[in-house]
Amino acid sequence: MDEMLLPLRALLLGVFIISALLLPPASACGPGRGIGKRRHPKKLTPLAYKQFIPNVAEKTLGASGRYEGKITRNSERFKELTPNYNSDIIFKDEENTAADRLMTQRCKDKLNALAISVMNQWPGVKLRVTEGWDEDGHHSEESLHYEGRAVDITTSDRERSKYGMLARLAVEAGFDWVYYESKAHIHCSVKAENSVAAKSGGCFPGNATVWTEGGGTKALRELLPGERVLAADETGRMVYSDFLLFIDRQESVRKLYYVIETSHPKEIIRLTAAHLIFVSENGTKSFKSVFASDVSPGDRVFIADHTLMHLKEVTVERVHLEEDIGAYAPVTSHGTVVINGVLASCYAVIEEHSWAHIAFAPLRFAFKLFSFLTPQDYKSPPNHLHLEGVHWYSQALYHLGTWLLDSDSLHPLGMSS
């Protein structure tokens with residue numbers, strides 16, 4: 001069966017690529033940000049001395065996350081560290097133990113990306129690491145150097161006039177926190193490999209509920225293709241929409257969710273940072289899709305009355321963060337779904353719901369076609385619902401989107417899983 005699907009997969013991706021390139025400029029949002037346009041090289045601005053990006057404390061959720069404990073050579077977590085033997089990076093290694101070469105895989109990936117940027121920016125100059133993993137206690141208490149999640153860097157020529165731009169290149173390379181800490185070096189750090197803050201994509205927890213056409217609510221993790229769930233069409237009219245598949249499904253993973261609470265009536269919806277939810281635009285009834293991480297108290301979201309089949313605007317009272325178990329991203333025919341009574345998009349990562357809905361059209365068509373040609377008994381989940389992780393189609397769209405769209409059209413956390 002998998003062999004039979006391969007040509008179809010290639011065809012579907014090809015259809016999307018062609019359709020994306022043929023979208024008219026009117027589908028873009030603002031001047032110079034159209035789908036199908038090549039991005040102009042970004043003008044890079046050096047960081048100022050003592051500036052850090054993002055503009056929050058290093059060990060907060062918005063940056064590299066909390067300290068998780070010192071790693072020693074004898075600890076179980078030592079296996080989390082991997083050596084970096086990249087010949088394009090100079091390691092100072094003043095301890096003569098190769099400790100500066102040890103780091104987490106995420107830190108290694110970002111450092112290697114930065115090394116390429118340095119050579120492109122300054123031909124003949126290499127990236128230099130002065131401090132990496134610290135096993136000797138030379139840094140402040142709870143320093144991320146003790147976990148192999150931080151590096152201090154310079155250029156190989158030690159030309160300090162380059163350090164502001166070096167910091168900017170580190171930001172562009174994807175480090176989760178970059179600090180122009182001293183005149184002599186730049187400090188960079190990353191999230192923990194197992195940190196829920198490092199896991200993005202767009203999902204709801206497994207215990208989130210949907211309203212089914214047959215009446216009553218059902219846990220999202222129990223939803224089966226062929227069932228119809230409460231959603232909304234493009235005009236805001238309440239409809240029951242076919243559930244097609246999960247484009248992300250992870251039963252036991254722990255993720256960090258934005259908890260959005262409304263008042264009068266009180267409803268609570270949990271979404272990952274990059275998931276889209278609808279808010280009222282400028283106090284009107286028109287919909288606007290925003291990332292869950294951009295919702296603030298005072299915003300107006302939409303709750304559903306399944307009895308009267310209409311939507312009502314309510315005010316967001318509180319937004320906070322909580323861990324929860326399971327990650328599920330359902331796709332319906334209409335591209336929307338009512339979760340815990342609140343209307344949300346089925347999509348994530350790309351800021352504009354309508355773009356995502358167009359992009360997923362081939363996948364929706366394929367599953368409609370399969371259900372017509374091969375009717376199934378949905379009393380037990382089909383094979384594709386047993387699969388863990390992000391669907392291949394979503395991954396393909398994300399990588400295509402990074403090429404076609406400006407970076408500010410995508411959620412900053414990307415689609416790591």
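**Exercise 1. In this predicted model, are Asp 176 and Arg 106 buried or exposed, and what joins their side chains?**

*Solution.* Start with the surroundings: both Asp 176 and Arg 106 are buried. Next, look at the side chains, which meet in a salt bridge with an N to O distance of 2.9 Å. Now place the two partners. Asp 176 sits in the loop between helix 3 (163-173) and strand 7 (177-182), while Arg 106 belongs to helix 2 (residues 105-121), so the pair ties together parts that are 70 residues apart in sequence.

**Exercise 2. Asp 157 and Lys 162 meet in a salt bridge. Which partner counts as buried, and which is partly exposed?**

*Solution.* First find the contact: the N to O distance between these side chains is 2.8 Å. Then recall the cut-off, since buried means under 20% relative accessible area. Lys 162 has 16% relative accessibility, so Lys 162 counts as buried. Asp 157 has a relative accessible area of 35%, which makes Asp 157 partly exposed.

**Exercise 3. Where in the chain do Arg 318 and Glu 261 lie, and how accessible is each of them?**

*Solution.* Begin with the bridge itself: the side chains of Arg 318 and Glu 261 meet at 3.4 Å, N to O. This pair links distant parts of the chain, with Arg 318 in strand 17 (residues 310-332) and Glu 261 in strand 12 (residues 238-262), 57 residues apart. Finally, check each partner. Arg 318 is partly exposed at 43% relative accessibility, whereas Glu 261 is buried, with a relative accessible area of 9%.

**Exercise 4. How many salt bridges are there in the model, and which residues are linked in a network with Arg 77?**

*Solution.* For the count, a nitrogen of a Lys or Arg side chain must be within 4 Å of a carboxyl oxygen of Asp or Glu. By this rule there are 18 salt bridges. For the network, start at Arg 77 and you will find Glu 80, Glu 147 and Arg 149 linked with it by salt bridges.

**Exercise 5. Where is Val 338, and which residues does Val 338 touch beyond four places away in sequence?**

*Solution.* Locate the residue first: Val 338 is in strand 18 (residues 336-339). Its relative accessibility is 4%, so Val 338 counts as buried. Now list the contacts, leaving out residues up to four places away in sequence: Val 338 touches Thr 209, Val 210, Trp 211, Leu 230, Ala 231, Met 238, Ala 304 and Leu 343. As a last step, pick Ala 231 from that list. Val 338 and Ala 231 are 107 residues apart in sequence, yet their C-alpha atoms are 5.3 Å apart in space.

Conventions
Residues numbered from 1 in each chain as written. Predicted model: local features only at pLDDT ≥ 70, side-chain atom pairs only at ≥ 80, totals over all residues. Heavy atoms only, no water. Helix = DSSP H or I, 4+ residues; strand = E, 2+ residues; numbered from the N terminus. Buried < 20%, exposed > 50% of the residue type's maximum accessible area, 1.4 Å probe, protein only. Contact = heavy atoms within 4.5 Å.
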